[in-house]
Amino acid sequence: MSIVLDLRQAIVHKVHGKPDKDIREMIEGSVDGPEAALPGLGTLFEMIWKDLPKGKQDELIQVLQEHLKKVKPVPLT
């Protein structure tokens, strides 16, 4: 019998019922952390995005656009 791991559900399981402080620590520990943390951040962002009204989504996009203006992409090798 094989076990199917649903990454989204694994992330939800990891944060479900955790206090705000623990979730904040997880997020802050993942930002600028190892790339292995990116799927977890993406899952959390997806949950937030789905519950935001369009106006708030637009605000987030503008924040991202402003940040992207300050960052110079490095060449891919």
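**Q57**

I started with Q57 and looked up whether it is buried or exposed. Its relative accessibility is 16%, so Q57 counts as buried, the cut-off being under 20%. I placed Q57 in helix 4, which covers residues 54-70. Then I listed its contacts, leaving out residues up to four places away in sequence. Q57 touches W49 and L52. I note here that the model is predicted, and that every value in these entries is computed from it.

**Confidence**

I checked pLDDT before going on. The chain has a mean of 93, and 94% of its residues reach 70 or more. Which elements have the lowest and the highest mean pLDDT? I found helix 1, residues 7-15, at the low end with 92. Helix 4, where Q57 lies, has the highest value, 97.

**Fold and overall dimensions**

I counted four helices and zero strands in the chain. Read along the sequence, I get the pattern α-α-α-α. I then compared the radius of gyration with the value for a compact globule of 77 residues. The globule would come near 11 Å, whereas the chain has 15 Å. I also took the box filled by the C-alpha atoms along the principal axes, and it is roughly 50 × 40 × 25 Å.

**Surface and charge**

I looked up what share of the 77 residues is buried, and it is 10%. Q57 counts as buried at 16% relative accessibility. The chain exposes about 7100 Å², and I noted that carbon and sulfur atoms supply 62% of that area. For charges I have 11 positive and 12 negative. How far apart are the mean positions of the positive and negative charges? I get 3 Å.

**T43**

I found T43 in helix 3, residues 38-51. T43 counts as buried because its relative accessibility is 7%, and the cut-off is under 20%. What does T43 touch, if residues up to four places away in sequence are not counted? I list R8 and I11.

**L7**

L7 is in helix 1, and I looked up its exposure next. With a relative accessible area of 44%, L7 is partly exposed, since that class lies between 20% and 50%. I also took the C-alpha separation of L7 and G40. These two are 33 residues apart along the chain, and their C-alpha atoms are separated by 8.2 Å.

**M26**

I placed M26 in helix 2, residues 20-30. Not counting residues up to four places away in sequence, M26 touches K14, V15 and L44. I then read off the C-alpha separation of M26 and A37, which is 9.5 Å. M26 and A37 are eleven residues apart along the chain.

**D32**

Where does D32 sit? I found it in the loop between helix 2 and helix 3. I looked at its backbone and got a phi near 65°. That is a positive value, and D32 is a residue other than glycine. The relative accessible area of D32 is 81%, so I entered D32 as exposed, a class that needs over 50%.

**I48**

I finished with I48, which lies in helix 3. I48 counts as partly exposed because its relative accessibility is 46%, a figure between the two cut-offs of 20% and 50%. I took one C-alpha separation here, from I48 to A36. The two residues are twelve apart along the chain, and their C-alpha atoms are separated by 20 Å.

Note on methods
Residues numbered from 1 in each chain as written. Predicted model: local features only at pLDDT ≥ 70, side-chain atom pairs only at ≥ 80, totals over all residues. Heavy atoms only, no water. Helix = DSSP H or I, 4+ residues; strand = E, 2+ residues; numbered from the N terminus. Rg over C-alpha atoms; globule rule 2.2 N^0.38 Å. Buried < 20%, exposed > 50% of the residue type's maximum accessible area, 1.4 Å probe, protein only. Areas by Shrake-Rupley, 256 points an atom, 1.4 Å probe, with all protein chains shown as cover. Lys, Arg positive; Asp, Glu negative; His and termini not counted. Charge placed at Lys NZ, Arg CZ, Asp CG, Glu CD. pLDDT = per-residue confidence, 0-100. Contact = heavy atoms within 4.5 Å.
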